[in-house]
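Work through the exercises below with the model open. Try each task before you read its solution.

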Amino acid sequence: MSSCPLPLYPEAAVSLPPRLFGPVEHYAAMAACGRVAIDYDGRWDKRDKATHRYDIADTRGRLSLTVPVSVPHGCGDGPMTRSRVRLSRHGEWWRVHRIALESAYGRTPYFEFVIDRFLPLLADPGDEPPSLGEYLRRADRAILDFLGLPVETVDAAPDAAPPSAVMPVVYSQLRGDRLGFIPGLSILDAIFNLGPETPLLLHRMIR
């Protein structure tokens with residue numbers, strides 16, 4: 001990894017919504033602070049698709065990839081939560097995602113060197129799939145470990161908001177000359193295009 005002074009505010013805290021392979025802005029906000037509160041196991045809202053969907057850029061432009069989930073019938077003793085919602089094996093989605101990522105990013109500078117780090121998250125969840133909350137934890141940890149960010153993720157609410165703002169930044173994308181820059185893509189887009197320079201991108205986004 002490239003040397004990068006992140007987090008900028010190691011004593012600060014921020015509260016963020018859970019996002020599966022969220023956009024670079026999401027991880028820039030995480031990179032600003034040393035402590036991040038994310039309610040991984042909180043209330044399940046089927047309208048919040050970003051908890052199990054992320055956007056990449058393929059040959060035609062933006063493409064959304066969805067991890068299907070299985071919601072148990074009834075709420076039991078309390079509200080439906082992401083700790084009760086589980087990943088589904090429907091449509092062998094892990095094969096779809098792996099093929100889509102290879103097709104979209106196989107020619108990027110860093111794809112072949114970093115994809116193995118994320119393949120455990122793109123595997124058959126088996127007969128006892130993890131909860132959505134646990135899957136989101138694993139995904140965030142894989143991203144933070146790759147970025148080399150010593151960020152602590154906790155379930156409790158933080159004590160303060162971050163003393164910074166996240167600014168949009170344009171970075172090099174594989175098909176940018178033809179498609180133009182596509183904002184709001186998954187952090188995976190930046191990682192495959194920029195590799196170890198990704199933390200520097202996040203640093204530039206924090207003001």
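**Exercise 1. Aromatic pairs**

Task: How many aromatic pairs does a search of the whole structure find, and how is the pair of Tyr-105 and Phe-192 oriented?

Solution. This is a predicted model. Searching the whole structure gives seven aromatic pairs. Now take Tyr-105 and Phe-192: the ring centres are 5.2 Å apart and the planes meet at 45°, so this pair is tilted. Next, place the partners. Tyr-105 sits in helix H2 (residues 93–105) and Phe-192 in helix H6, 87 residues apart, so the pair links distant parts of the chain. Both Tyr-105 and Phe-192 are buried.

Task: Which geometry do the rings of Tyr-171 and Phe-181 show?

Solution. Start with the centres: those of Tyr-171 and Phe-181 lie 5.2 Å apart. Then the planes: they stand at 85°, so this pair is edge-to-face. The cut-off for that class is over 60 degrees. Tyr-171 is in the loop between strand E7 (152–154) and H5, while Phe-181 is in the loop between H5 and H6. Ten residues separate the two. Finally, check exposure. Tyr-171 is buried, at 8% relative accessibility, whereas Phe-181 is partly exposed, at 31%.

Task: Which aromatic cluster includes Tyr-135?

Solution. Tyr-135 forms one cluster with Trp-93 and Trp-94.

**Exercise 2. The largest nonpolar core**

Task: Which residues touch the most other members of the largest nonpolar core, and which helix gives the most to this core?

Solution. The largest nonpolar core has 64 residues. Within this core, Tyr-54, Ile-143, Phe-192 and Leu-202 touch the most other members. Helix H4 (residues 132–147) gives the most, with nine residues.

Now follow Phe-192 outward. Leaving aside neighbours within four places in sequence, Phe-192 contacts Leu-101, Tyr-105, Thr-108, Pro-109, Tyr-110, Phe-111, Val-114 and Ile-115.

**Exercise 3. Helix H4**

Task: How does the reach of H4 compare with the expected span, and which residues of H4 are buried?

Solution. H4 has 16 residues. From first C-alpha to last, H4 reaches 23 Å, close to the 22 Å expected at 1.5 Å a residue. Then list the buried positions of H4: Leu-132, Gly-133, Tyr-135, Leu-136, Ala-139, Asp-140, Ala-142, Ile-143, Leu-144, Phe-146 and Leu-147. Just after H4 comes Gly-148, with a positive phi of about 70°.

**Exercise 4. The largest cavity**

Task: How many cavities of 30 Å³ or more does a search of the whole structure find, and which residues line the largest cavity?

Solution. The search finds one cavity of 30 Å³ or more. The largest cavity has a volume of about 60 Å³. Its lining is made up of Ala-57, Ala-104, Tyr-105, Gln-173, Leu-174, Arg-175, Gly-176, Leu-179, Gly-180, Ile-182, Asp-189 and Asn-193. Map the lining onto helices: H2, H5 and H6 each supply at least two residues. Tyr-105, a partner in the tilted pair, is among the lining residues.

**Exercise 5. Positive phi outside glycine**

Task: Where are Phe-21 and Glu-92, and are they buried or partly exposed?

Solution. Most residues other than glycine have a negative phi, and most peptide bonds are trans. Phe-21 has a positive phi of about 45° although it is not a glycine. Phe-21 is in the loop between strand E1 (9–16) and helix H1 (24–32). Its relative accessibility is 1%, so Phe-21 counts as buried.

Glu-92 also has a positive phi of about 45° without being a glycine. Glu-92 lies in the loop between strand E6 (86–87) and H2. At 39% relative accessible area, Glu-92 is partly exposed.

**Exercise 6. Two loop residues**

Task: What does Ser-186 touch, and is Ser-186 buried or exposed?

Solution. Locate Ser-186 in the loop between helix H5 (176–179) and helix H6 (187–194). At 2% relative accessibility, Ser-186 is buried. Not counting residues up to four places away in sequence, Ser-186 touches Phe-21, Gly-22, Pro-23, Tyr-54 and Asp-55.

Task: Which residues are in contact with Met-167?

Solution. Met-167 is in the loop between E7 and H5. Met-167 counts as partly exposed, at 37% relative accessibility. Beyond neighbours within four places in sequence, Met-167 contacts Met-205 and Arg-207. The C-alpha atoms of Met-167 and Leu-202 are separated by 9.4 Å, with their positions 35 residues apart along the chain.

Key:
Residues are numbered from 1 along each chain as its sequence is written. This is a predicted model: local features need pLDDT of at least 70, side-chain atom pairs count only at pLDDT 80 or more; totals for chains, interfaces and linings use all residues. Side-chain values use heavy atoms; hydrogens and water are left out. Helices (H or I, at least four residues) and strands (E, at least two) are DSSP runs, numbered from the N terminus. Buried means under 20% relative accessible area, exposed over 50%, partly exposed in between (1.4 Å probe, protein chains only). Contact means heavy atoms within 4.5 Å. Rings of Phe, Tyr and Trp (its six-membered ring) pair if their centres lie within 6.5 Å; planes under 30 degrees apart count as stacked, over 60 as edge-to-face and the rest as tilted. A nonpolar core is a set of buried Ala, Val, Leu, Ile, Met, Phe, Trp, Tyr and Cys residues joined through side-chain atoms within 4.5 Å. The expected span of a helix is 1.5 Å times one less than its number of residues. On a 1 Å grid over the protein atoms alone, a cavity is a set of points where a 1.4 Å probe fits but cannot get out, and a pocket is an open set with protein on both sides within 12 Å along at least five of seven lines; lining residues have an atom within 4 Å of a point. Grid points are joined across faces, edges and corners, and a volume is the space filled by probe spheres set on the points.
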